[in-house]
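Hi everyone, thanks for coming. Let me put the structure up on the screen, and then we'll walk through some helix packing and some charge pairs together.

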Amino acid sequence: MSVDETSSTGAAADIPIGWDDPERELTSSVSLFEGDEGGLELSQRRVLVALLKQRFITAQSHPKEWKTLTANPRLIRSRLNDLFLNLHLDADREVAYKRPVVPEGGGRFPTLLHDTAWSREETILLVYLRTRSRSEEAAGTSRTYVDRQDILEHIASLRPAHATDHAADGRRAAKAIESLNRAGLLIGASISDRFEVSPAIDVVLPLERLQDLLRWLKAQPAGTTSANGVASPVDGSSEAEAIDASTEHLSTDEDAP
């Protein structure tokens with residue numbers, strides 16, 4: 001049977017495949033649209049978009065993208081380098097993230113990222129999650145879980161003595177849980193009473209930064225206060241700059257679905 005006869009029987013080759021169809025990744029060429037001059041396959045473009053949109057991706061949160069990325073990270077790293085970003089891969093924790101690169105001669109490159117400071121409650125929660133993760137890891141446990149009520153009680157235990165609006169403090173603590181859940185550091189439904197701690201917590205808050213933040217929390221009562229009456233770790237002071245308790249994200253469409 002000839003090729004033409006095979007095609008005329010309605011073989012799969014004649015069936016249009018949508019750009020978002022998983023089968024396209026196995027059957028299409030690099031070109032995905034008219035005038036396409038990109039050099040990445042569809043699956044690789046998905047990885048690049050995920051890395052740009054998210055603070056990090058993990059094998060758990062993005063299994064397909066993780067598999068594609070680890071198969072050939074060089075191409076993705078090259079595209080990120082074109083944007084003055086560098087790719088970091090933690091194979092042990094199965095986490096990938098981007099960071100701005102620094103010029104060899106000093107100064108700064110243009111960047112798509114900007115820093116967003118964690119709030120006081122978010123900072124406390126980050127330290128709590130990182131500390132719990134370290135404890136579980138030391139005990140030989142591969143996964144860490146935390147209860148919402150334990151989180152709220154821990155944040156409340158570090159409330160400054162002069163903070164008397166407990167209702168507002170409770171709302172800020174609940175918002176901190178929501179924020180870290182949205183960031184992917186607390187895994188589970190947003191209304192869940194129990195969360196899994198993402199292995200990315202070790203990337204977001206490495207040991208040396210954890211120690212800085214622990215020192216800041218111990219000195220909290222003596223800190224300056226922000227407009228809402230609580231001390232802030234990111235008020236522009238030299239101490240805050242040393243702590244650097246921030247995270248990078250795209251300046252536009254970061255929270256786009």
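Before we look at any packing, a word on "contact": it means heavy atoms within 4.5 Å. What you see is a predicted model, where local features need pLDDT of at least 70 and side-chain atom pairs count only at pLDDT 80 or more, while totals for chains, interfaces and linings use all residues. Residues are numbered from 1 along each chain as its sequence is written, and side-chain values use heavy atoms, with hydrogens and water left out.

First, the overview. The protein chain has 11 helices and 8 strands; these are DSSP runs numbered from the N terminus, with helices being H or I of at least four residues and strands being E of at least two. Of its 257 residues, 37% count as buried. Buried here is under 20% relative accessible area, exposed is over 50%, and partly exposed is in between, using a 1.4 Å probe and protein chains only. Among contacts between residues at least 6 apart in sequence, 61% join residues at least 24 apart.

Now to the helices. Two packed helices are described by the angle between their axes and the distance between the axes. The axes are lines fitted to C-alpha atoms, for helices over the stretch in contact, and the angles run from 0 to 180 degrees between N-to-C directions.

Let's begin with α6, residues 120–138, and α8, residues 166–182: their axes come within 9 Å and cross at roughly 60°. That makes α6 oblique to α8. For the vocabulary, angles under 35 degrees count as roughly parallel, over 145 as roughly antiparallel, 65 to 115 as roughly perpendicular, and the rest as oblique. The α6 and α8 crossing is right-handed, meaning that the near helix is turned clockwise from the far one by less than a right angle; anticlockwise would be left-handed.

Who touches whom? From α6 we have Glu-121, Glu-122, Leu-125, Leu-126 and Leu-129, and they meet Arg-172, Ala-173, Ala-176, Ile-177, Ser-179 and Leu-180 of α8. By type, the residues of this α6 and α8 contact are 7 nonpolar, 1 polar and 3 charged. Nonpolar covers Ala, Val, Leu, Ile, Met, Phe, Trp, Tyr, Cys and Pro; charged covers Asp, Glu, Lys and Arg; and the others, Gly among them, are polar.

Next, α3, residues 42–53, which packs against two partners I'd like to show you. With α4, residues 63–71, the axes come within 9 Å and cross at roughly 110°. That makes α3 roughly perpendicular to α4. On the α3 side the contact uses Ser-43, Gln-44, Arg-46, Val-47, Ala-50 and Leu-51, and on the α4 side Glu-65, Thr-68 and Leu-69. Those residues divide into 4 nonpolar, 3 polar and 2 charged.

The other partner is α5, residues 73–82, which packs with α3 at an angle of about 50°, with the axes 10 Å apart. α3 and α5 are therefore oblique to each other, and their crossing is right-handed. Here α3 brings Gln-44, Val-47, Leu-48, Leu-51 and Leu-52, and α5 brings Leu-75, Ile-76, Arg-79 and Leu-80. This contact divides into 7 nonpolar, 1 polar and 1 charged.

On to the charges. Side chains of opposite charge can pair when their charged atoms come close. A salt bridge is counted when a side-chain nitrogen of Lys or Arg is within 4 Å of a carboxyl oxygen of Asp or Glu. The whole structure has 11 of these salt bridges.

One of them joins Asp-147 and Arg-194, 2.9 Å from N to O. Asp-147 sits in strand β5 (residues 144–147) and Arg-194 in strand β7 (residues 194–197), so this pair ties together parts 47 residues apart in sequence. Asp-147 is partly exposed at 27% relative accessibility, and Arg-194 is partly exposed too, at 46%.

Another joins Asp-169 and Arg-159, with the closest N and O atoms 2.8 Å apart. Asp-169 is in helix α8, while Arg-159 is in the loop between α7 (148–157) and α8, 10 residues away in sequence. Asp-169 counts as buried because its relative accessibility is 8%, whereas Arg-159, at 24%, is partly exposed.

So where does this pair lead? Asp-169 and Arg-159 belong to a network of salt bridges with Arg-120, Glu-121 and Arg-172. Glu-121 and Arg-172 are also among the residues that meet where α6 packs on α8, which brings us back to our starting point. Thanks, and I'm happy to take questions!
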